[in-house]
Amino acid sequence: MLPIRPLYTGIDKVVNFADAAGYGLKLGEDYIINQKSFTGNVNAAGTYTYVIEGLKDYKGSKAVIDVVVEKIDLSEDIVTIAPIQKVSGTESLYNSEGKLKQGDDAVQNHDVIIYVDGEEIAPGVLTIVTNRADKSDGTFELNGANYLGRVSATVTATAQAAAAAPAGSVENTCTVKHNVVDSLISNFYYDNDSVQNDDELVFETAKGEAFDPTRITAAKADGESSLPLTVTVTKDGEVVTDYSEPGVYKVQASVIVPDDLSYAGTVTFTVVVQGKHYS
């Protein structure tokens with residue numbers, strides 16, 4: 001029995017287990033938990049030990065499993081910020097200290113979505129401090145706290161641990177760039193079927209099914225020609241280019257932003273690859 005290994009995201013974990021072929025196991029049907037090394041929720045980075053016993057097809061199997069919630073290491077992990085649509089009027093994407101507004105502080109209908117290794121993190125895990133913003137014509141727009149997000153720009157910022165992040169759950173800092181654009185693309189597809197944030201696609205290798213990132217497309221509207229994309233696939237926090245091994249993969253597809261910053265879009269979803277199931 002293998003655990004699905006999580007990353008610290010600031011959200012309480014529902015820890016699931018899978019067998020060696022990547023098939024998810026159901027608590028109370030496929031296994032029971034005899035003992036845990038902790039009380040409360042699985043959230044902060046650390047090791048959480050489970051003693052589990054198999055049922056039905058897994059009867060007779062026992063395991064002591066350490067579920068590791070991995071810390072965010074900003075010197076190594078891939079941090080990305082989904083494109084944000086520019087604001088108008090008196091609204092501002094950033095506060096007076098040049099920090100990107102998140103969660104309840106974000107401008108309505110201008111959600112800020114931050115990913116670490118393809119995993120969406122909760123608002124307030126990281127603080128994003130703006131360093132500069134460059135307009136589409138290549139000129140430097142405004143500095144630090146003065147950039148409001150009312151002009152489309154490529155923003156260079158510093159990502160760091162937020163004050164509310166548990167000790168040891170976020171380490172180091174990094175530079176991250178994100179785009180503020182005129183409009184957002186939300187039409188993403190896999191084999192012409194719509195795919196959205198947090199969707200889960202399952203592929204069974206025993207049936208000859210295989211995930212192929214080149215089959216992801218995006219368009220400004222239904223029926224229009226596909227837009228160029230970049231696709232990043234990670235497994236256990238590492239970028240991978242082979243998707244045949246059973247397990248859980250995180251996929252992030254992003255529209256390549258035109259020079260005029262007129263549009264952008266990103267979708268992040270999960271791919272589960274299942275091997276042969278032994279019963």
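Student: Where is Asn43 found in this predicted model?
Tutor: Two strands frame the answer: β4 covers 31–36 and β5 covers 46–54. Asn43 is found in the loop between β4 and β5.

Student: Is Asn43 buried or exposed?
Tutor: Its relative accessible area is 17%. Buried means under 20%. Asn43 is therefore buried.

Student: Which side chain forms a polar contact with that of Asn43?
Tutor: Beyond four places in sequence, Asn43 touches Tyr8, Gly10, Ile11, Asp12, Tyr48 and Val69. One of these has a side chain joined to that of Asn43 by a polar contact of 2.8 Å. The partner is Asp12.

Student: Which strand supplies the largest share of the largest nonpolar core?
Tutor: This core has 44 residues, and Phe17, Tyr50, Ile72 and Leu126 touch the most other members. Strands that each supply at least two residues include β5, β6, β12 and β14. The largest share is 4 residues, and it comes from β14.

Student: How many residues are in the other core, the one with Ile216 and Phe269?
Tutor: This core lies apart from the largest one. Leu227 and Val251 are also among its members. Its residues number 22.

Student: Which strands stand at the edges of the 5-strand open sheet?
Tutor: The order is β20-β26-β24-β22-β23, with mixed pairing. An edge strand here has a single partner, so one side is left without a neighbour in the sheet. The edge strands are β20 and β23.

Student: Which residue of β26 stands opposite Ser254?
Tutor: Strands β24 (residues 247–255) and β26 (residues 266–274) run antiparallel. They are joined by 8 bridges. Opposite Ser254 stands Thr266.

Note on methods:
Residues numbered from 1 in each chain as written. Predicted model: local features only at pLDDT ≥ 70, side-chain atom pairs only at ≥ 80, totals over all residues. Heavy atoms only, no water. Buried < 20%, exposed > 50% of the residue type's maximum accessible area, 1.4 Å probe, protein only. Polar contact = N/O pair within 3.5 Å; in protein donor to acceptor, adjacent residues only side chain to side chain. Contact = heavy atoms within 4.5 Å. Pairing = 2+ DSSP bridges. Core = buried A, V, L, I, M, F, W, Y, C linked by side-chain atoms within 4.5 Å.
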